[in-house]
Amino acid sequence: MKQIIVGNWKMNGLSADADALVDGRVKGLGELPTRADVVVCPPFTQLARLAPALKRAGIALGAQDCHQDRAGAHTGDISAPMLVDLGVEYVILGHSERRGEHHELDETVREKAVAAMEAGLTPIVCVGENDDQRSAGDSQETVGWQIQGSLPQGFRGIVAYEPIWAIGSGTAASQQDIADMSAFIRAELVRQFGEAGKTIRILYGGSVNERNVTDILPVEHVDGALVGNASLKADAFVPLVRAARAS
């Protein structure tokens, strides 16, 4: 199974910036998308603009969120079918910034995952503990409850472990921390989904960059990376893809 590198641009990128970012990736990756799956998740405002260029380059288009309903009176939201209509294939759900800033509950994330799968999208569901939970020794308990509450029956997607205490810090979790949590997540997925849980890809996210990625991707049960800040720089993102394994 190929590893997958997912770039989350968050709330960054006007049109000229987005064009330049995609151009840098297309030139830098060349034939590399065949080595690893590559997904770019720009802001909603850039999805339609970037879809053609990314498709030609073999880079999948992702979004950063979707609503749990197909349509309705939800001002400012976007539905999963709307994303599919723009050529989107993946959608990030339950990111800690959505859970924190928008007070999203596990139940909400689960409903969004169902909507995404019904529309034909691959959901990337984020889980992770904050610094207080880590200090109290509750990391696995926290992540376990998030997995149980956020993933619906028949889940066909990706789980991204993003320790909140590492996001934006410039320092990723240690290899041992990543190994321990990835093994725990794999066990939880198997417990919840049986044999299917063995094939659900697990990503690590949290201050991943071109310097530490070679230590992170070889860790057992890590099937790729969810990349934030480094995905905004082609000279950082391309080495991340180069570091991914093909199988």
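## Overall shape

What percentage of the 247 residues of the chain count as buried? In this predicted model, the figure is 52%. The secondary structure that frames those residues comes to ten helices and eight strands. The radius of gyration of the chain is 17 Å, close to the 18 Å that the globule rule gives for 247 residues, so the chain is as compact as a globular protein of that length. If you are setting the scene in your viewer, the C-alpha trace spans about 45 × 45 × 35 Å along its principal axes.

Contacts tell us how the chain is woven together. Taking contacts between residues at least 6 apart in sequence, 73% join residues at least 24 apart.

## Surface and charge

Turning to the outside, the accessible surface of the chain comes to about 11100 Å². Carbon and sulfur atoms account for 50% of that surface. As for charge, there are 23 positive and 32 negative side chains. The centres of these two sets lie 7 Å apart.

## The nonpolar cores

Now for the inside. The largest nonpolar core has 65 residues, and those with the most contacts inside it are Ile-5, Leu-83, Ile-185, Leu-189 and Tyr-204. Helix α8, residues 175-193, supplies the largest share of this core, with six residues. Another core lies apart from it and has 13 residues, including Ile-4, Cys-41, Ile-92 and Leu-203.

Leu-83 is a good place to look around. This residue sits in helix α3, residues 80-85. Leu-83 counts as buried because its relative accessibility is 0%, under the 20% cut-off. Leaving out residues up to four places away in sequence, Leu-83 touches Phe-44, Leu-47, Ala-63, Asp-65, Cys-66, Ile-78, Val-88, Val-91 and Leu-121. The C-alpha atoms of Leu-83 and Val-6 are separated by 17 Å, with their positions 77 residues apart along the chain.

## Helix α10 and its cover

Which residues of helix α10 (residues 234-243) are buried? They are Ala-236, Phe-237, Val-238, Leu-240 and Val-241. An α-helix has 3.6 residues a turn, so residues three or four places apart point the same way. The cover over the buried residues of α10 includes three helices and strands from early in the numbering, namely β1 (4-8), α1 (15-29) and β2 (37-41). Also included are α9 (213-216) and β8 (224-227).

## Two helix serines

Ser-182 belongs to helix α8. Is this residue buried or exposed? At 2% relative accessibility, Ser-182 counts as buried. Beyond its neighbours up to four places away in sequence, Ser-182 touches Ile-202, Glu-220, His-221 and Val-222. One of these, His-221, is 39 residues from Ser-182 in sequence, and the two are 5.7 Å apart in space, C-alpha to C-alpha.

Ser-96 lies in helix α4. With a relative accessible area of 19%, Ser-96 is buried, since the cut-off is under 20%. Leaving aside neighbours within four places in sequence, Ser-96 is in contact with Ile-164 and Ile-167. The C-alpha atoms of Ser-96 and Phe-237 are separated by 22 Å, and these residues are 141 apart along the chain.

## Arg-110 and a sequence-distant partner

Arg-110 is found in helix α5. Its relative accessibility is 29%, so Arg-110 counts as partly exposed. Setting aside residues up to four places away in sequence, Arg-110 touches Gly-149, Ser-150, Leu-151 and Pro-152. How many Å separate the C-alpha atoms of Arg-110 and Ser-150? The separation is 4.3 Å, although the two residues are 40 apart along the chain.

## Positive phi in two loops

Backbone angles offer a last stop. Most residues other than glycine have a negative phi. Lys-10, in the loop between β1 and α1, has a positive phi near 55°. Lys-10 is partly exposed, with a relative accessible area of 23%.

His-103 also has a positive phi, near 55°. Its place is in the loop between α4 (96-101) and α5 (106-119). At 62% relative accessibility, His-103 counts as exposed, because exposed means over 50%.

Technical notes
Residues are numbered from 1 along each chain as its sequence is written. This is a predicted model: local features need pLDDT of at least 70, side-chain atom pairs count only at pLDDT 80 or more; totals for chains, interfaces and linings use all residues. Side-chain values use heavy atoms; hydrogens and water are left out. Helices (H or I, at least four residues) and strands (E, at least two) are DSSP runs, numbered from the N terminus. The radius of gyration is taken over C-alpha atoms; the globule rule is 2.2 Å times the number of residues to the power 0.38. Buried means under 20% relative accessible area, exposed over 50%, partly exposed in between (1.4 Å probe, protein chains only). Contact means heavy atoms within 4.5 Å. Accessible areas come from the Shrake-Rupley method with a 1.4 Å probe; for residues, only the protein chains shown count as cover. Lys and Arg count as positive and Asp and Glu as negative; His and the chain ends are not counted. The place of a charge is taken as NZ of Lys, CZ of Arg, CG of Asp or CD of Glu. A nonpolar core is a set of buried Ala, Val, Leu, Ile, Met, Phe, Trp, Tyr and Cys residues joined through side-chain atoms within 4.5 Å.
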